[in-house]
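Reader: Hi! I have a structure open on my screen and would love some help finding my way around. Could we go through a few spots together?
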Amino acid sequence: MPISDWVRPAKAADRGSARLSRGEEDPLKARYLAAIALIVALSAAGCSSSDKSSQEQATASKTLTVWLMDGSAPDQLVTDLNAEFTAAHPGVKVTYQKQQWNGILDRLTTALASNNPPDVIELGNTQTAKFASSGALADLSGKVSDLGGQGWLQALTESGAWDGKQYGVPFYAANRIVIYRTDLFEAAGIAQPPTSLAEWITDGKKLAAASKDSRFMPLYLPGQNWYFLASLIWDRGGDLAVKDGDTWKGAVDTPQAQAGIADYQNLFKSLSKAPADTDEATPQQNEVMAKGNVGMMVGAPWELNTTVSNAPALKDKLGAFPIPGSSSAKLAPVFLGGSNLAIAAGSKQQDLAYDWLKLLAGEKYQTRLAKDNGVIPNSSALAGTVLADNPVLSAMAKGAQNGKITPNDPSWAAVEAAPNPLKDMMTKILSGKASVQEATKEASALITEKMASSK
């Protein structure tokens with residue numbers, strides 16, 4: 001999921017998280033098929049028979065067009081990759097175009113339905129199913145082994161799949177961690193970060209006891225941080241929605257999901273003074289932590305950097321640890337936001353596109369990407385070694401090993417669109433307006449309804 005629901009620095013991604021357009025009818029499949037029909041009709045009419053057309057096609061066969069999102073890959077990395085690629089493919093020109101997340105779905109819809117689509121594209125991992133299901137992406141199932149797919153992070157692999165076939169190749173990822181004040185932990189006598197939810201609450205209470213500021217919050221946790229809620233639900237064996245045949249059904253009213261919701265409720269009541277009716281972006285939680293009255297927050301790694309930007313005095317006083325699970329034996333699963341690489345089904349340069357994609361998805365450039373941009377590479381093994389020297393990114397990499405994604409279906413976008421039933425559910429529970437049983441039953445019904453109506 002492109003990652004736009006997350007706070008992002010100037011150069012890094014919110015990457016998987018560029019969110020899908022909400023509540024709009026998807027015109028992609030109809031437009032794509034119509035374009036293909038037009039191409040066939042023109043071919044039948046002999047439009048490609050002229051010498052001029054043949055010459056144009058020959059010229060076009062030497063050009064590869066690549067669309068990556070702004071901030072996803074450093075300029076020098078792409079320059080070096082293109083140099084390596086063109087050295088191996090004499091006469092081929094690479095046209096590299098940076099795209100903005102804002103409005104990307106409309107641009108991709110139009111481009112992929114055209115007679116001359118970009119050959120290699122980047123997609124947020126929550127967007128891939130949308131375009132794969134419409135027939136706009138090339139099937140890469142036969143290439144997975146050649147690409148080293150056996151070592152990919154599982155959640156990213158799943159996000160690039162549709163109907164049993166692989167259309168997206170994992171590009172990079174990021175996930176949430178717990179960012180904490182190391183100086184306050186030391187002052188409270190906490191030697192090591194917690195490894196379970198129970199320890200987390202105990203340590204939070206120690207922070208509160210050591211503080212003399214009545215405004216102090218051990219943990220800044222607003223009521224509507226539903227991505228973190230998903231971690232707790234997954235940790236207890238629950239899910240947000242499950243597929244029953246061809247139908248998706250809300251699942252937050254199961255005992256397992258309710259146990260995860262109770263964990264959130266416990267953390268909120270024990271450690272937080274944040275509002276029950278806002279999320280982590282309202283206000284931006286890094287701005288709250290920068291004021292100095294917060295011991296911890298659940299956020300993306302770059303939120304640590306933005307906190308320091310707002311409060312330089314905290315530069316050497318922040319650390320990170322993976323989100324603890326319900327027992328010390330395991331970490332809580334985390335939502336793995338990120339991007340996939342894909343090849344347009346209408347590309348005239350399928351082989352060249354694959355060779356370029358393979359370079360970027362390979363160990364050499366994945367290693368550089370992880371180090372330069374501070375993201376999780378597509379390989380599970382690589383993530384554990386490349387980022388090991390950075391304590392913050394290492395915490396993120398550990399969490400990524402147990403990464404998950406939201407339901408891999410285009411209809412999930414409707415759930416995230418306002419009004420988001422998960423946010424409303426948590427506000428009702430935490431403010432005492434509804435019981436867990438009442439609120440989860442209502443939210444599950446709304447999830448089912450939203451996913452069905454967006455088909």
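Reader: At what angle do helix 3 and helix 13 pack?
Author: Happy to help! Keep in mind that this is a predicted model. Helix 3 and helix 13, which covers residues 350-361, pack at an angle of about 135 degrees, and their axes are 10 Å apart. Helix 3 is therefore oblique to helix 13, since oblique here takes in angles between 115 and 145 degrees.

Reader: Why do you give both an angle and a distance?
Author: Because two packed helices are described by the angle between their axes together with the distance between those axes.

Reader: Is the crossing of helix 3 and helix 13 right-handed or left-handed?
Author: The two helices cross in a right-handed way. On the helix 3 side, the contact is made by Leu77, Leu81, Asn82, Glu84 and Phe85. Helix 13 contributes Leu352, Asp355, Trp356, Leu359 and Leu360.

Reader: How many residues of that contact are nonpolar, polar or charged?
Author: The contact of helix 3 with helix 13 has 7 nonpolar, 1 polar and 2 charged residues.

Reader: Let me zoom in on Leu81. Is Leu81 buried or exposed?
Author: Leu81 has 0% relative accessibility, so it counts as buried. You'll find Leu81 in helix 3, which spans residues 75-88.

Reader: And what does Leu81 touch, leaving out residues up to four places away in sequence?
Author: With those left out, Leu81 touches Trp356, Leu359, Leu360 and Tyr365. Take Trp356: in sequence, Leu81 and Trp356 are 275 residues apart, while in space their C-alpha atoms are 8.2 Å apart.

Reader: Cool! Switching to sheets: what is the strand order in the open sheet of 6 strands?
Author: The order in that sheet is 2-1-3-14-6-15, and the pairing is mixed. Its edge strands are strand 2 (93-99) and strand 15 (376-377), each pairing on one side only.

Reader: In what sense do strand 6 and strand 14 pair?
Author: Strand 6 (residues 169-174) and strand 14 (residues 337-343) pair in the antiparallel sense, over 5 bridges. If you want a spot to click on, Ala173 stands opposite Gly338 in strand 14.

Reader: What about the open sheet of 4 strands, which order does that have?
Author: That one runs 8-11-7-12, again with mixed pairing. Strand 8 (217-220) and strand 12 (318-321) each have a single partner strand, so one side of each has no neighbour in the sheet. On average, neighbouring strands of this sheet are turned by 20 degrees against each other, ignoring direction.

Reader: How many bridges link strand 7 and strand 12?
Author: Strand 7 (residues 177-181) pairs with strand 12 over 4 bridges, in the antiparallel sense. Ile179 has Ala320 in strand 12 as its bridge partner.

Reader: Now the odd bits! Which residues does a cis peptide bond join?
Author: One joins Thr282 and Pro283, with omega about -5 degrees. Pro283 lies in the loop between helix 10 (255-271) and helix 11 (285-290). Another joins Ala418 and Pro419, with omega about 0 degrees. Pro419 is in the loop between helix 17 (412-416) and helix 18 (421-430). Most peptide bonds are trans.

Reader: One last thing: what is the phi of Asp163?
Author: Asp163 has a positive phi of about 55 degrees, although it is not a glycine. Most residues other than glycine have a negative phi. Asp163 sits in the loop between strand 4 (161-162) and strand 5 (165-166).

Reader: Is Asp163 buried or exposed?
Author: Asp163 counts as exposed because its relative accessibility is 69%.

Note on methods:
Residues numbered from 1 in each chain as written. Predicted model: local features only at pLDDT ≥ 70, side-chain atom pairs only at ≥ 80, totals over all residues. Heavy atoms only, no water. Buried < 20%, exposed > 50% of the residue type's maximum accessible area, 1.4 Å probe, protein only. Contact = heavy atoms within 4.5 Å. Axes fitted to C-alpha atoms, helices over the stretch in contact; angles between N-to-C directions. Parallel < 35°, antiparallel > 145°, perpendicular 65-115°, else oblique. Left-handed = near helix turned anticlockwise from the far one by under 90°. Nonpolar A, V, L, I, M, F, W, Y, C, P; charged D, E, K, R; others polar. Pairing = 2+ DSSP bridges.
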